[in-house]
Structures are given as C-alpha cells and as structure tokens.
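Q: I would like to go through this structure with you. Could we begin with the cysteines?

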Amino acid sequence: MKYKGKATTLAISSIALAALSACGGGGGSGSSSTAQSGATATTQPISLLAATGTAAGTFTATGDVIADSLAFANNKRAQLGLSALKEVSAVDTAAANHAAYMYDNQYVGHYETAGLPGYTGYAPSDRVAAAGYTTNSVGEIAAGIGGAFTSSTEAISALFDAPFHRAIFLFDTTGVGFGQGPTNTDTAKFSTLVGDFVDYVQQTPDYKLVAYPYDGQTGVSPSWVANESPNPFAAAPQYEGQTVGYPVTLSAAGNGAFSNISFMITDASGNSVSCEETDNSNNSEATRLAMCVPFSPLTANATYKVTVTGSLTNTSIPTAQAFSVSWSFTTGTAAVQARQLPSGSGLKLPLILN
C-alpha cells in the first residue's frame with residue numbers, strides 16, 4: 001500500500017503464491033496535512049467504534065473481479081460502521097493502468113520505471129493525476145497471484161486479511177478505483193489487481209478505535225499465512241511464510257499514534273494465546289495501527305476475548321490518554337491455505353516488492 005509521500009515494501013514468502021504489495025500501510029500523514037485543522041481537544045474516553053456486523057448485509061460475489069473487489073471492500077467497511085467508498089472512474093483507470101504495467105513487466109509493487117511497457121507514472125499519485133483526477137491523498141494496494149485468480153475475490157480478500165494492508169481499507173478515504181491486469185491463462189505469470197484509495201476526509205472520531213475481527217463476529221478464519229511485508233514476524237523470521245493465527249488489529253483515526261500497547265487474547269477457558277505484537281512504537285510502518293498475530297492457528301469454532309490496553313495521541317488528544325478496550329469473536333471452520341507456485345512456473349520467491 002502506498003499513501004502519497006510514504007513508501008512501504010512487501011515481500012511474499014517462499015511457500016506463498018500471493019504477492020501482496022502495500023504502500024503507506026500505516027502512513028498517510030503526507031496525504032492530507034490540513035485535514036486535521038480545526039480539531040478541538042477531547043476528554044471523552046477512548047472506546048471501540050460500534051460495529052454493525054451482519055446488519056450491514058451479506059456480500060455475494062458476482063464473478064466480476066472489479067465489481068466484487070469494490071463490493072467486498074464496502075461490505076467490510078459497512079460491517080465496521082464505516083462509510084461506503086465511492087467508485088471513481090478516473091481512479092479505476094489509474095489502477096487498471098498500473099495493473100497492466102505489473103502484468104506486462106511481471107512485477108508487483110508501486111513504482112514504475114519510465115521506458116518499460118505500460119508506464120503511466122512513477123508513483124500512485126502520479127498515475128492518478130495522469131488519469132485526470134485531483135485528490136488530497138492516494139493509498140494503493142496491489143496483488144499479484146501466480147496463475148489465474150481462483151475466484152473474483154481471491155486477491156481482495158487476501159489483501160484484507162494481511163494486517164498492514166487491512167489498515168488502508170479501514171482508513172477514512174472516501175473514494176476508490178480498482179483495476180485488473182489482462183486475463184491470465186499462463187500459470188507461469190502473475191495475475192494482478194490494484195486498488196487506489198483516494199480523497200481523505202476524517203469521519204471516524206479521534207477517540208474511537210476500529211477493531212477487526214469486530215466484536216461479536218463469527219466465522220473468523222482460524223489461520224493466516226504470514227506472507228506480508230513489512231512482516232508482522234520480522235522479529236521472529238522463522239514464522240514468515242508459515243500458517244499462523246488470524247491477525248487481530250486495532251486501528252486509530254486521523255494521525256493517531258499508539259504507545260505502551262499490550263494485547264491479551266484468551267480462549268473460553270481463560271488460556272492465553274501467544275502472539276506477536278506490532279504497533280508504531282516498534283514498527284514505523286504501523287502508523288495508526290496495532291496488531292497481534294498468534295504464533296499458531298486458533299482453534300476452530302471457538303470464542304476468543306481480546307483486551308488491549310495502552311495510550312493514544314492524535315490531533316484532538318495531544319497528551320497520551322490511556323485506554324482499555326475489550327471485545328470477542330468466534331472462529332469458523334475454514335482455514336487459510338497457501339497456494340503453491342505452479343510446478344516449473346519459473347517464478348522465484350521470495351519476491352521483494354519495492
């Protein structure tokens with residue numbers, strides 16, 4: 001993912017097929033330096049943004065990658081009480097141009113090289129501008145998956161599951177465009193998808209935090225393949241590319257920053273779940289983001305309670321304010337499995353995305 005002015009790299013593991021590229025995953029301060037102006041200090045307690053859950057309706061795939069990517073993103077946002085993203089046709093064009101560039105050059109990332117096939121601009125903001133759209137922010141997510149997509153939501157759901165990428169979906173942008181590369185029938189090539197999130201307007205109050213999985217959510221995947229970079233397991237590289245527990249995230253609004261974060265995840269019997277904690281105090285890419293990724297897959301059909309304590313600062317909370325939030329979710333039976341690279345595909349992993 002990329003927010004204007006801030007780069008993030010992403011790597012996939014040697015056993016994972018999906019290349020998820022995030023730029024500006026926690027950044028965005030460069031996206032709108034004036035968006036916070038006029039904010040006033042608040043003394044309200046910090047709490048979770050109320051999720052609407054299944055009341056938001058269900059998502060049904062149509063088989064169209066672009067339409068389903070937009071609907072998937074908006075359904076996730078609706079479940080969390082966030083506003084829908086408006087599709088912007090010019091941004092669709094910018095995203096499609098970059099998806100084609102990635103396919104033509106078999107590259108997954110956010111920066112293009114002049115002179116290569118399909119070049120339309122160096123950075124996401126350049127490409128959106130070249131498509132004729134003016135905005136105060138551009139946040140980009142990109143995926144490359146070896147061979148044809150197995151479903152219209154394979155790429156978008158993989159991007160959402162990856163915690164650094166998930167943060168872009170949940171930020172207060174108001175517009176988006178998605179683009180897909182050429183139809184791919186060659187198992188030796190990556191199929192590509194790009195999403196460009198634009199038009200930052202803060203809607204989530206500074207004293208509200210967005211939790212995912214959300215409170216009361218059911219059917220949560222017990223596991224995730226740790227193929228993201230920056231990888232939540234950078235401090236424990238033996239877990240990179242392995243099947244671990246599903247990432248639990250807490251996102252702040254605006255220019256929020258966490259400190260002294262502590263996660264406690266427990267099962268119904270009170271047993272603690274060991275997990276790798278990441279936030280902006282130990283990873284600069286985790287701006288506005290705190291996460292805990294269990295070292296082992298969670299138990300299927302089990303309820304877990306999450307308690308997070310720490311402090312938060314932002315424009316309207318200039319002095320660190322302590323908080324404690326708790327919620328619970330229940331896993332389902334479906335587990336995430338890493339698709340393997342096609343035999344003889346010639347694709348070499350790990351792949352570093354710059």
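A: Certainly. In this predicted model, a disulfide joins C275 to C292, with an S to S distance of 1.7 Å.

Q: How many disulfides does the count come to?

A: The count comes to 1 disulfide.

Q: Where in the chain are C275 and C292?

A: C275 lies in strand β15 (residues 275-279) and C292 in strand β16 (residues 289-294). The two cysteines are 17 residues apart, and the pair links distant parts of the chain.

Q: Right-handed or left-handed, this disulfide?

A: The disulfide is right-handed, because the torsion about the S-S bond of C275 and C292 is about 60°.

Q: And is C275 buried or exposed?

A: C275 has 15% relative accessibility, so this residue counts as buried, the cut-off being under 20% relative accessible area.

Q: What about C292, buried or exposed?

A: C292 is buried as well, since its relative accessible area is 0%.

Q: Changing topic: in what order do the strands of the open sheet run?

A: The order is β10-β18-β17-β14, so to speak of the sheet by its members: 4 strands form it, and their pairing is mixed.

Q: Which are the edge strands?

A: They are β10 (217-220) and β14 (257-267), each of which pairs on one side only.

Q: And what does the twist average?

A: From one strand to the next, the twist averages 30°.

Q: Back to β10. Parallel or antiparallel with β18?

A: Strand β10 pairs with β18 (residues 317-331) in the parallel sense, over 2 bridges.

Q: Which residue of β18 is the bridge partner of V220?

A: The bridge partner of V220 in β18 is T331.

Q: Now strand β7. Why is it described as largely enclosed?

A: Strand β7 (residues 173-180) has 8 residues, and 6 of them are buried, so the strand is largely enclosed by the rest of the structure.

Q: How many bridges join β5 to β7?

A: Strand β5 (residues 86-87) is joined to β7 by 2 bridges, and these strands run parallel. In this pairing, E87 has V176 of β7 as its bridge partner.

Q: And how many bridges join β7 to β8?

A: There are 7 bridges between β7 and strand β8 (residues 190-200), and these two run antiparallel.

Q: Which residue in β8 is the bridge partner of T173?

A: That partner is Y200, in β8.

How values were computed. Residues are numbered from 1 along each chain as its sequence is written. This is a predicted model: local features need pLDDT of at least 70, side-chain atom pairs count only at pLDDT 80 or more; totals for chains, interfaces and linings use all residues. Side-chain values use heavy atoms; hydrogens and water are left out. Two strands pair if DSSP finds at least two bridges between them. Axes are lines fitted to C-alpha atoms, for helices over the stretch in contact, and angles run from 0 to 180 degrees between N-to-C directions. A disulfide is a pair of cysteine sulfur atoms within 2.5 Å. Buried means under 20% relative accessible area, exposed over 50%, partly exposed in between (1.4 Å probe, protein chains only).
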